[in-house]
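Colleague: Before I build anything on this model, could we go through it together, one question at a time?

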Amino acid sequence: MKEALKNINTLGTITPSSRFLSKRMLREINFSKADVIVELGPGNGAITKYILENLSPNATLICFEINDNFYQQLQELQNPQLIVLKASAEKIVGELEKLNIYKVNYIISSLPLTIIPDQVSNQILEKSFEVLEENGSFIQYQYSLSYFKKLKNVFKESISLEFEPLNMPPAFIYRCKKVV
């Protein structure tokens, strides 16, 4: 029972991301120039699969997933460009350093930030900002606009917002750039 409750707490929705949401989130990524993309909270891999289909041959996708079931599903993708870590997104800096990676081009996040404790979600945003290269992008979807202020605290004025109605539930996409 305790394990079932833990898994429920790691989910932000009851349905996987739609292909429309996946495509909209990824449409501004320059896959030909991306060396390292990080995905936070990939779940069952709905967005992961779109990323892998578009990665250039020498690029790497690193996924952070703490849910046991989703971690296993991602492992089964068996793609040589995919690294799946069973680690919390707040540990992004240390986990990437273990892989000798110090900067990433893009971070794609499906984390349910609004239900993650403030201290943890703040850490995730700050550490994500830290590992992004200059002009790198943090792309996050949420089901409400309530997280805009927190993202603005980290990314300042470099945020744009989109809406994807063809997802269940419909989602807002935040595009944040690291401008220093």
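The exchange below goes from the overall fold to single residues.

Modeller: This is a predicted model, in which local features need pLDDT of at least 70 and side-chain atom pairs count only at pLDDT 80 or more, whereas totals for chains, interfaces and linings use all residues. Residues are numbered from 1 along each chain as its sequence is written, and side-chain values use heavy atoms, with hydrogens and water left out.

Colleague: In what pattern do the helices and strands follow one another along the sequence?

Modeller: Helices (H or I, at least four residues) and strands (E, at least two) are taken as DSSP runs and numbered from the N terminus. On that basis the protein has seven helices and seven strands. Read along the sequence, their order is α-α-β-α-β-α-β-α-β-α-β-α-β-β.

Colleague: What radius of gyration does the protein have, set against a compact globule?

Modeller: The radius is taken over C-alpha atoms, and the globule rule is 2.2 Å times the number of residues to the power 0.38. The C-alpha atoms fill a box of roughly 45 × 35 × 30 Å along the principal axes. Because a compact globule of 180 residues would come out near 16 Å, the value for the protein agrees with the rule, at 15 Å.

Colleague: What share of the contacts with a separation of 6 or more joins residues 24 or more positions apart?

Modeller: Contact here means heavy atoms within 4.5 Å. Among contacts with a separation of 6 or more, the share from residues 24 or more positions apart is 69%.

Colleague: Which residues have the most contacts inside the largest nonpolar core?

Modeller: A nonpolar core is a set of buried Ala, Val, Leu, Ile, Met, Phe, Trp, Tyr and Cys residues joined through side-chain atoms within 4.5 Å, where buried means under 20% relative accessible area, exposed over 50% and partly exposed in between, with a 1.4 Å probe and protein chains only. By this measure 48% of the 180 residues are buried. The largest core has 29 residues, and those with the most contacts inside it are Val38 and Leu40.

Colleague: Which elements give two or more residues to this core?

Modeller: Both helices and strands are represented, the helices being helix 5 (92-98), helix 6 (118-131) and helix 7 (148-155). The strands are strand 1 (36-40), strand 2 (60-64), strand 4 (104-109), strand 5 (132-142) and strand 7 (171-177).

Colleague: Which residues of strand 1 does Ile108 touch, and is Ile108 buried or exposed?

Modeller: Ile108 is found in strand 4. Its relative accessibility is 0%, so Ile108 counts as buried. Leaving aside neighbours within four places in sequence, its contacts include Met25, Leu26, Ile29, Ile47, Ile51 and Ile139, and also Ile37, Val38, Glu39 and Leu40.

Colleague: What does Ile107, also in strand 4, contact?

Modeller: Ile107 is buried, because its relative accessibility is 0%. Its C-alpha lies 14 Å from that of Val84, 23 residues away in sequence. Apart from neighbours within four places, the residues in contact with Ile107 are Val38, Leu40, Ile92, Ser128, Val131, Leu132, Ser137, Phe138 and Ile139.

Colleague: Is Lys150 buried or exposed?

Modeller: Lys150 is found in helix 7, and beyond neighbours within four places in sequence it is in contact with Asp118, Ser121, Asn122 and Leu125. Since its relative accessible area is 19%, Lys150 is buried.

Colleague: Which residues contact Thr48?

Modeller: Thr48 sits in helix 3 (residues 46-54), and at 0% relative accessibility it counts as buried. Without neighbours up to four places away, its contacts are Glu39, Pro42, Leu61, Cys63, Leu74, Leu77 and Leu82.

Colleague: Which peptide bond is cis, and with what omega?

Modeller: Most residues other than glycine have a negative phi, and most peptide bonds are trans. Pro169 lies in the loop between strand 6 (159-164) and strand 7. The cis bond runs from Met168 to Pro169, with omega near -5°.

Colleague: What values of phi do Asn135 and Lys156 have?

Modeller: Asn135 lies in strand 5 and is partly exposed at 44% relative accessibility. Lys156 is in the loop between helix 7 and strand 6 and counts as exposed at 52%. Both values are positive in a residue other than glycine: phi of Asn135 is near 70°, and phi of Lys156 is near 60°.
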